[in-house]
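Welcome! Here are some short exercises to work through with the structure beside you. Try each task before you read its solution.

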Amino acid sequence: MKKLTLLLTGLVWLGACGGSGDFSPAEDAGMQLASQVSIFESKDSHKKWLLRADAVDFADLKSATLKNPDLLLKENGEDSAGVTGKTGIFDYTAKLVTIEGDAKIQSFTENLVIEAERFFYDVDKDRIWSDGKTVITRGGAKVTARGGVETDSKLVKIEIKKQTTRLPTDARELQKNTL
């Protein structure tokens, strides 16, 4: 927690040194930008997660707006999954990352992709969830969760809300998707 606070203070200072640019969700001219920013939290000399963005707009001291965010989730220091999208927000006080705009979760350890318009990541609880239509693809099976999903950062246990399932239609399709 102490490392995260120091890192965020440094990022705010870095943002104050940046200039203004064309990326700003608000029309205020006083916004401060930083390019190619990385925010992370570590524990026992291992990064728990790493949030990168092409540009960060420090709207205030409570949150930052992200352009092309890439959230890398880690398990025992190893990359386990990545969450990407077009825009995002990192709320420092709530320790909540929101990634939206064709958002996608890609597991690096499983044959699994989860897609939605928006995902949320709670840093303290190490939980990811969506609140709308979400498509989970694993092998040849697709599951659509109309009410969203909730999972841990390892993507091991996924809670599906209001689902529909599409299974492979024949053995050929099943073999094709499991190879």
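Which residue in β7 stands opposite Gly 88? Gly 88 stands opposite Ile 99. Before you go on, note that this is a predicted model, where local features need pLDDT of at least 70, side-chain atom pairs count only at pLDDT 80 or more, and totals for chains, interfaces and linings use all residues. Residues are numbered from 1 along each chain as its sequence is written, and side-chain values use heavy atoms, with hydrogens and water left out.

**Exercise 1. Take stock of the chain.**

Task: find how many helices and strands the chain has, and what share of its residues is buried.

Solution. Begin with the elements: there are 2 helices and 14 strands. Both kinds are DSSP runs numbered from the N terminus (helices are H or I, at least four residues; strands are E, at least two). Next, take burial: 40% of the 179 residues count as buried. Buried means under 20% relative accessible area, exposed over 50%, and partly exposed in between (1.4 Å probe, protein chains only).

**Exercise 2. Follow the strands around β7.**

Task: list the pairings of β7 with β5, β6 and β8.

Solution. Two strands pair if DSSP finds at least two bridges between them.

- Step 1: β5 (residues 78-84) runs antiparallel to β7 (residues 96-107), with 4 bridges joining them. Thr 84 has Lys 104 in β7 as its bridge partner.
- Step 2: β6 (residues 87-91) is also antiparallel to β7, through 5 bridges. These two strands form a hairpin with 4 residues between them, and Lys 95 in the turn has a positive phi of about 55°.
- Step 3: β8 (residues 112-122) is joined to β7 by 9 bridges, again antiparallel. This pair forms a hairpin with 4 residues between the strands, and Leu 96 stands opposite Asp 122 in β8.

**Exercise 3. Look into the core.**

Task: name the residues with the most contacts inside the largest nonpolar core.

Solution. A nonpolar core is a set of buried Ala, Val, Leu, Ile, Met, Phe, Trp, Tyr and Cys residues joined through side-chain atoms within 4.5 Å. The largest one has 32 residues, and Trp 49 and Phe 90 have the most contacts inside it. Among the elements that give two or more residues to this core are β1 (32-43), β3 (63-67), β5, β7 and β8. As background, nonpolar side chains tend to be buried together in soluble globular proteins.

**Exercise 4. Compare two acidic residues.**

Task: decide whether Glu 75 is buried, partly exposed or exposed, and do likewise for Asp 152.

Solution.

- Step 1: Glu 75 lies in strand β4. Glu 75 counts as partly exposed because its relative accessibility is 29%.
- Step 2: leaving aside neighbours within four places in sequence, Glu 75 is in contact (heavy atoms within 4.5 Å) with Ser 80 and Lys 154. Glu 75 and Lys 48 are 27 residues apart in sequence and 6.9 Å apart in space, C-alpha to C-alpha.
- Step 3: Asp 152 belongs to strand β12 (residues 149-152). Asp 152 counts as buried because its relative accessibility is 14%.
- Step 4: with neighbours within four places in sequence left aside, the contacts of Asp 152 are Asp 126, Arg 127, Ile 128 and Lys 157. For Asp 152 and Arg 127, the C-alpha to C-alpha distance is 4.6 Å, although 25 residues separate them in sequence.
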